[in-house]
Amino acid sequence: VGNIPVLYQLAIELKPLVILLVVMGCSSAEPNIRLIGNFGKVTLLLCIPIIGWQLFDPNTYDVIFSSSAHSGVFILPGEVALPRSVGIFWHPGSLAVFSGIYSMFFLFRYTETKRFNYIKWFILAVVLLLLSLSRLEILSVLIAVTFVIIINRRGPKKYFCVLTVVLTTLFLLLVAQPYIEFVVEKMS
């Protein structure tokens, strides 16, 4: 690819970092964190009916949003194509990045406050992330959640948690082996 697409993609990838730095630089943290949390909640809730429309009545959705980048599909072995959700965003990757950032935001808020309400928002963000079918963002959040869980454990629970993560990863790799082979074959 040329230099312009690379620079454009770099700008897209750096947006979350810029947002994070702005939040960290806020002088009065708690009101700003509440504002950022409320923004995420509203945006995630707005995505639900749009994704429902996209998945359950794709023909009318395609007519209204014909210029969206939602037409890409996720191909499973056996040539089964799954639609990638976009919500209120233009591209599934944007939904994935937004949902990934907010899933971690709500997880961190839960670890700080121990309020179960944040777990509900975390689950909603993860579900929307999974509906985007963006592999790298899903993997990134999975790794981040793993680190958060491990870091927050103490004593023997920490070692049990590490062992569970290793065994689960090995199991998932075994289960996903046909898909991994399929992807490698398609890339060749």
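This is a short tour of a predicted protein model, one selection at a time.

**Whole chain.** Start with everything shown as a cartoon. The protein chain has 8 helices and 2 strands. Read from the N terminus, the order of the elements is α-α-α-β-β-α-α-α-α-α. Of the 188 residues, 27% are buried. The accessible surface is about 12700 Å², and carbon and sulfur atoms hold 73% of that area. Among contacts with a separation of 6 or more, 61% join residues 24 or more positions apart.

**Confidence.** Now colour by pLDDT. The chain averages 76, and 68% of the residues score at least 70. Where is confidence lowest, and where is it highest? Select residues 73-76, strand S1, for the lowest mean, 62. Then select residues 117-132, helix H5, for the highest, 91. Where pLDDT is low, the predicted coordinates should not be read in detail.

**The core.** Next, select Leu 44, Tyr 102, Met 104, Phe 106, Leu 107, Leu 128 and Val 145 and show their side chains. These residues have the most contacts inside the largest nonpolar core, which has 21 residues. Helices H2 (29-56), H4 (92-113), H5 and H6 each give two or more residues to this core. H4 supplies the largest share, 8 residues.

Stay with Leu 128 and look at what surrounds it. Beyond its neighbours within four places in sequence, Leu 128 is in contact with Leu 44, Cys 47, Ile 51, Leu 95 and Ser 99.

**Ser 132.** Move to Ser 132, which is in helix H5. Is Ser 132 buried or exposed? Its relative accessibility is 0%, so Ser 132 counts as buried. A polar atom of the Ser 132 side chain lies 2.6 Å from the backbone oxygen of Leu 129.

Add Ser 85 to the selection. Ser 85 and Ser 132 are 47 residues apart along the chain, yet their C-alpha atoms are separated by 4.7 Å. Leaving aside neighbours within four places in sequence, the contacts of Ser 132 are Arg 84, Ser 85, Pro 92, Leu 95 and Ala 96.

**Helix H6.** Last, select residues 135-152, helix H6, and place a distance between its end C-alpha atoms. The distance is 26 Å. Why does this agree with expectation? At 1.5 Å a residue, the 18 residues of H6 should span 26 Å, so the two values agree. To finish, pick out the buried residues of H6: Val 141, Val 145, Thr 146, Val 148 and Ile 150. Val 145 was also in the earlier selection, as one of the residues with the most contacts inside the largest nonpolar core.

Conventions
Residues are numbered from 1 along each chain as its sequence is written. This is a predicted model: local features need pLDDT of at least 70, side-chain atom pairs count only at pLDDT 80 or more; totals for chains, interfaces and linings use all residues. Side-chain values use heavy atoms; hydrogens and water are left out. pLDDT is the predictor's confidence in each residue, from 0 to 100. Helices (H or I, at least four residues) and strands (E, at least two) are DSSP runs, numbered from the N terminus. The expected span of a helix is 1.5 Å times one less than its number of residues. Buried means under 20% relative accessible area, exposed over 50%, partly exposed in between (1.4 Å probe, protein chains only). Contact means heavy atoms within 4.5 Å. Accessible areas come from the Shrake-Rupley method with a 1.4 Å probe; for residues, only the protein chains shown count as cover. A polar contact is a pair of N or O atoms within 3.5 Å; within protein, one must be able to donate a hydrogen and the other to accept it, and residues adjacent in sequence count only if both atoms are side-chain atoms. A nonpolar core is a set of buried Ala, Val, Leu, Ile, Met, Phe, Trp, Tyr and Cys residues joined through side-chain atoms within 4.5 Å.
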